Amino acid sequence: MASNKHFSKIPSNLSNNSDANEPARPYVPNTVTFARRTNSGRYVNYSRDDLDSEIGSVDFTNYTVHMPPTPDNQTTDPSISQKVEEQYVSNSMFTGGFNSTTKAHLMDKVIEREANHPQMAGAKGSSCAIPGCDAKVMTDGRGQDLLPCECDFKICRDCFMDAVKTGGGICPGCKLPYKNTDLTDQADQQGTDRGGGGSKMERRLSLMKSNNKSAMVRSQTGDFEQNQWLYETTGTYGYGNAFWTKDGNFGSGKDGDGEGMETQDLMSRPWRPLTRKLSIPAAVLSPYRLLILIRVVVLALFLSWRIKHQNQDAVWLWGMSVVCELWFAFSWLLDQLPKLCPVNRSTDLQVLKEKFEMPTPSNPTGKSDLPGLDVFVSTADPEKEPPLVTCNTILSILAAEYPCEKLACYVSDDGGALLTFEAMAEAASFANIWVPFCRKHAIEPRNPDSYFSLKRDPYKNKVKSDFVKDRRMVKREYDEFKVRINSLPDSIRRRSDAYHAREEIKAMKMQRQNRDDELLEPVKIKKATWMADGTHWPGTWLTSSSDHAKGDHAGIIQVMLKPPSDEPLHGDSESFIDFADVDIRLPLLVYVSREKRPGYDHNKKAGAMNALVRASAVMSNGAFILNLDCDHYIYNSEAMREGMCFMLDRGGERLCYVQFPQRFEGIDPSDRYANHNTVFFDVNMRALDGLMGPVYVGTGCLFRRVALYGFDPPKSRERSSGCFGCCFPRGKKKKNHISEENRALRMGEYDDEEMSLSIVPKKFGNSTFLLDSIPVAEFQGRPLADHPSVKNGRPPGALTIPRELLDATTVAEAIAVISCWYEDKTEWGSRIGWIYGSVTEDVVTGYRMHNRGWRSVYCVTKRDAFRGTAPINLTDRLHQVLRWATGSVEIFFSRNNAFLASPKMMILQRIAYLNVGIYPFTSIFLIVYCFLPALSLFSGQFIVQTLNVTFLVYLLIISITLCLLALLEIKWSGISLEEWWRNEQFWLIGGTSAHIAAVLQGLLKVMAGVEISFTLTTKSGGDDVDDEFADLYMVKWTSLMIPPITIMMVNLIAIAVGFSRTIYAVVPQWSKLLGGVFFSFWVLAHLYPFAKGLMGRRGRTPTIVYVWAGLIAITISLLWVAINPPAGNTEIGGSFTFP
């Protein structure tokens, strides 16, 4: 595996050589080659003994790295050498994977235009003035040249070290000695100060834990503070001390962990919560629960009455109706019981700011003490997911209100397309203007396309005099940016054709030189896709080829925006927009395309997400992860902070994720197909929030990284020790000494020591970089230890230390962990990360976390946190519902069925997950029930013998309780009655089309092993550019439409037949007719949006559709009358005659 000898010599507690018995994996030769591509296209090799001050004299064992030049046999100031290497790393594209070397290709440019931000890949700097050298001068965070001599002679780092080493320290420009050339002693001294042992992650964890110890006993001026020392330490003067505990120790527990504080002690230490739980008013909730109970009783009485009173005239009709009604009652109960405890929540962002970003004794400078946050954006096909949509999402992330140095954005391109790569580079370039503009003028939303499309007044509440000028200039830049994105496909194609023609000409010249007068054969060269710097694109080519096709390409990592400096960097007023008082830094932005090879199951989106989890752990290791679909952007710039309020509040250590509701744009005003899905997001999810938490819905979710790693929540093992732990508790084991970080990292079936020493590497793979990052992520994600109830908190100020600089070894390891073979013989996808085996991997992943005892929270913000797009076309909507329902069927037939849930899951939460797996099967009974009215009208019978008073009273009570429950749900959830009705309509539309197909597909997969494949939902608009809702009127045929069309036609024909029979009958049965017609209208009313969708735009429906419908209706009517003529008449048409 791709690990380094240095890291195996001094492993952390979580990484030991546990794979000794595993079969050896293939790996590349243990050499390291550094190279830089010159202007002529050649690679110039360099030798180097020290990569950086941290891993000097290291023997690289598992990959070959081609990277930019560094000086020979020289040790410089680590802060300088590492910053320069980080600059080189950010300008290099790393590629590699299975059975291939890992290479770093220095990128002269990533887009056709010149990069205009110092953090951006391919940023141009001044050239070295030494003749024959084409290297760039070192730069600072602003992109300004770093020149070691007062004469401002431009010299690169390599030539400067040569001048110091062999030139006597003389400046080549002014011929005077450099004032400071003694960098070696500085390096030795600083290297000693940094501490030697352990890996990078171990040292970082040690720094975080020790960071605030000195600050705790010093004032903001740096002087020793006696009162603070008494307050924060075990020092005591007796009863006059700030904290006096019974045993004389601060924290008062036997281990000094703060468990012995008394309640009155809190009076001397102010503490405010970050979140509040807002209960639903009892005036609404109590009647709601009472109505549920009444309806359950009434349903039980009604069903028992139905079973006892058969319809002897039509037993078959009675039997089918009773079976369907029993299932409907069971299904309603599964859906209703989890709604007994709905809650609302609120956050306090001001308290978050005071706790984590204001000067305190432990954080005198007021630097942000918030944990790191990695944002994942996933895309797979630039044709169905337009790059402009993805770019707008990225820009909204980069401009979010979260500490710039703590934020990182990773974009997963599962298609490996150059179009996505260059579009992302263009977005990084435009962010240089867009992000400071948003910060300067507090822009909302921070998606430029949405902002400039707002129909409200953009100047409302804007007070700065230059806002109008700035907005006009940024709008023009954005329009040009959109044009560049739209022209990228043609630009890439033209560029590739030009380079291909050049290569063919070169090959023909070489052929003529080698063969002289021989007959020349046509030259055949693979048509490659070329990048802007004139090199082959390592991903998918426009013309597929071996190693360059979808499902067959190397892993790619490109740092588009290198990590920002630790201190704010303000712009200047000389540019065309005044950013003098604005922080112009940009968050880390990384392009990732995991390796794909034939013969490997890449597990679609879940596999891509797991690759991002591993790559981000190696590169930035944020304690929390926010995942977004490429079409879901940040609508509320403070949404991340609101999610952090829950994670960092008291008890937040037991939260696995914070789920935000999905809100959509571009939906037709009537919401014909219930695309907003408000009943689910505002009713069901709020209700689940009162239990163990909402389900994970695939996007807009803030995860705790260690929860994704499959660890148990803190204290969960004390609460439950097995299926029968309450009756047969396990014997107490001898308590072993376990490190603090490993005490919080536990997996249910393993002891802490056993897990940390041998199990974890086999679960995660033996990348020591990844293993060493786990305790760091766990420590960073802890709440502040500022309250006695926080048992496993971290000290204030622990996360104010600067981040580690990126180096080539780190990025090369990231390439290794996204390779196609890394997950072999590990638990990725089975217990760790996103779970494989279902098209709805999101629900399964959330279920596994809840099953381990974790809780989740539903965060509904005043301003929508995220917004996205949804398919408004009927066919696309049905296919979307089909995918969800198929995933639910897969869950039901898997070990993720809620019947098999652990005792850690609450009973009502288990019922909610059971309903997730069962609801598609309701379609079987729903389709039968939709045909019952027609069968009743055709046969002249009804589901009951007669419409007596008892039946009508039961029906009335059931209907009234249903309406009252709906009204109360509307009251406590805030949805509208129209939204509730649209949801009811689409429940029947989806149940009679997509859900029944999902059941059939699920059964085929379980019984016959037929795999299910789905295509991405197209996110582009319709052909009618003048109509925002053109997709709504497009009629695209799909077989899913057959059942609801059949139901509509049969019911319409049945109504006509029923009326005809009753009118011309000798003894009309009006009661049976009314019963059948009533239920037929109930079915047709629910299917009305479906019928409207089939008609398309008014005036565009082909006439032949109506002709066919009429002919089929007449044929079926005549056929039924011929098969079952009226009583006493055997002729077709019965006794009916025209007047």
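Start with the greasy spot on the outside: Leu290, Leu293, Ile294, Val297 and Leu301 make a nonpolar surface patch of about 430 Å². To find one of its members, Ile294, look in helix H8, which covers residues 282-308. Ile294 is partly exposed, with a relative accessible area of 35%. That value is over the 30% that a residue needs to count towards a patch, so Ile294 can take part in this one. Keep in mind that all of this is read from a predicted model.

Now for a charged counterpart. Asp572, Glu574, Asp578 and Asp581 gather on the surface in a patch of negative charge. Here the place to look is a loop: Asp572 sits between strand S11 (555-561) and strand S12 (588-593). How exposed is Asp572? Its relative accessible area is 40%, so Asp572 is classed as partly exposed.

Zoom out to the whole protein chain and you have 1139 residues, 55% of which count as buried. The accessible surface adds up to about 50300 Å², and carbon and sulfur atoms own 57% of that. In terms of secondary structure, the chain has 34 helices and 19 strands; H8, the helix that holds Ile294, and the strands S11 and S12 on either side of the Asp572 loop are the ones you have already visited.

Finally, the contacts. Take those between residues at least 6 apart in sequence: 77% of them join residues at least 24 apart.

Methods:
Residues numbered from 1 in each chain as written. Predicted model: local features only at pLDDT ≥ 70, side-chain atom pairs only at ≥ 80, totals over all residues. Heavy atoms only, no water. Patch = residues over 30% accessible without salt bridge, like charges linked within 9 Å, V, L, I, M, F, W, Y side chains within 5 Å. Areas by Shrake-Rupley, 256 points an atom, 1.4 Å probe, with all protein chains shown as cover. Salt bridge = Lys/Arg side-chain N within 4 Å of Asp/Glu carboxyl O. Lys, Arg positive; Asp, Glu negative; His and termini not counted. Charge placed at Lys NZ, Arg CZ, Asp CG, Glu CD. Helix = DSSP H or I, 4+ residues; strand = E, 2+ residues; numbered from the N terminus. Buried < 20%, exposed > 50% of the residue type's maximum accessible area, 1.4 Å probe, protein only. Contact = heavy atoms within 4.5 Å.
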